[in-house]
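Please open the model in a viewer and keep the selection panel at hand. The tour below proceeds from one selection to the next.

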Amino acid sequence: MDECDAPTSPEIALKEMEALEAIKEDICQWLTRIMHIAITPSSFMDHLDNGVVLCQLARLTQEAANKSQELPASVPIKCNDKAVSGSFQARDNASNFISWCRDFGVEEAVVFESNGLVDHSDEKRVVLCLLDVARFADRVGISPPELVRMEREIEELDSASPLLTSNGDQRQGHLKQSQLSRKVLAMLSDCKCPPLQGMVVRDCGSGKFIVSGGRIRAHKTLYARLLSDRIMVRVGGGWDTLDHFLLVHDPCRIKQFILLKKGPNDELVKAHMKMQ
């Protein structure tokens, strides 16, 4: 989710929370599938805050890495399987997982601190850290979350020759992409800015769009994909919802939300700030 100097409002904060929620839902489904636990977005931090599941995930990923020899070997990760939420043992588990993440090469920008997990004060980094761990897990043969699968699909589409795809696959893919393109273009083209001030969109096919104008200083390449009922866009190395991307880059939508703002929503702002 990109930073922007657009004015802040509770509505924009809400859209940013929704973008993070979409990633969290995908991570929960992934953990449920590979760890055989019943974890939901509402129970996300409660399930993870003692560090046990995270250490088990690290062990699973490391074992797969050792077998595949795709990634460097690591020392066994220590874990207190009986750690209670909020305890010293929980903080120790969190610290062990964090050390493993750093050794494994997880991006430092998304590595959380022990307190952020144990005290539930940095859910955003916990979510983004697990998404990065999932990328490593995918490389060593563990079935990835949908967002990581879509990242790989985008990379393959960028590098593959059209001749390598069968006609049947092409027809099915084109049908899905044309439906997605219509939805994306409908949202992107709903810009009411004066000429030369609004957003300009070019559909490059296969869910790829070049967007310029508005608050975008040069141009951005967006890769759009459907995740459940949300349109997600990959910008740079991260994911955002198309709704949130437009709210911080399209001047007329920013103005619309500022004009509609009736007063501060303290609870929403507090929840938003907690995720920063």
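**Aromatic rings and cysteines**

Begin by selecting F97 and F112, both of which are buried (under 20% relative accessible area, where over 50% is exposed and the range in between partly exposed, with a 1.4 Å probe and protein chains only). This is a predicted model, in which local features need pLDDT of at least 70, side-chain atom pairs count only at pLDDT 80 or more, and totals for chains, interfaces and linings use all residues. Residues are numbered from 1 along each chain as its sequence is written, and side-chain values use heavy atoms, with hydrogens and water left out.

Next, display the rings. Rings of Phe, Tyr and Trp (its six-membered ring) pair if their centres lie within 6.5 Å; planes under 30 degrees apart are stacked, over 60 edge-to-face, and the rest tilted. The count comes to 4 aromatic pairs. One of them, F97 with F112, is stacked, at 6.1 Å centre to centre and 20 degrees between the planes. This pair links distant parts of the chain, 15 residues apart: F97 belongs to helix α4 (residues 88-104), and F112 to the loop between α4 and α5 (114-118). Helices are DSSP runs of H or I with at least four residues, numbered from the N terminus. Extend the selection to W100, F104 and F136, which form one aromatic cluster together with F97 and F112.

Now turn to the cysteines. How many disulfides (cysteine sulfur atoms within 2.5 Å) are there? The count is 0. Select C55: its sulfur lies 3.8 Å from the closest cysteine sulfur, in C79, too far for a bond. C55 is buried, at 0% relative accessibility. Finally, select C101, which is in no disulfide; the nearest cysteine sulfur, that of C129, is 3.9 Å away. C101 is also buried, with a relative accessible area of 1%.

Key:
Disulfide = S-S within 2.5 Å. Helix = DSSP H or I, 4+ residues; strand = E, 2+ residues; numbered from the N terminus.
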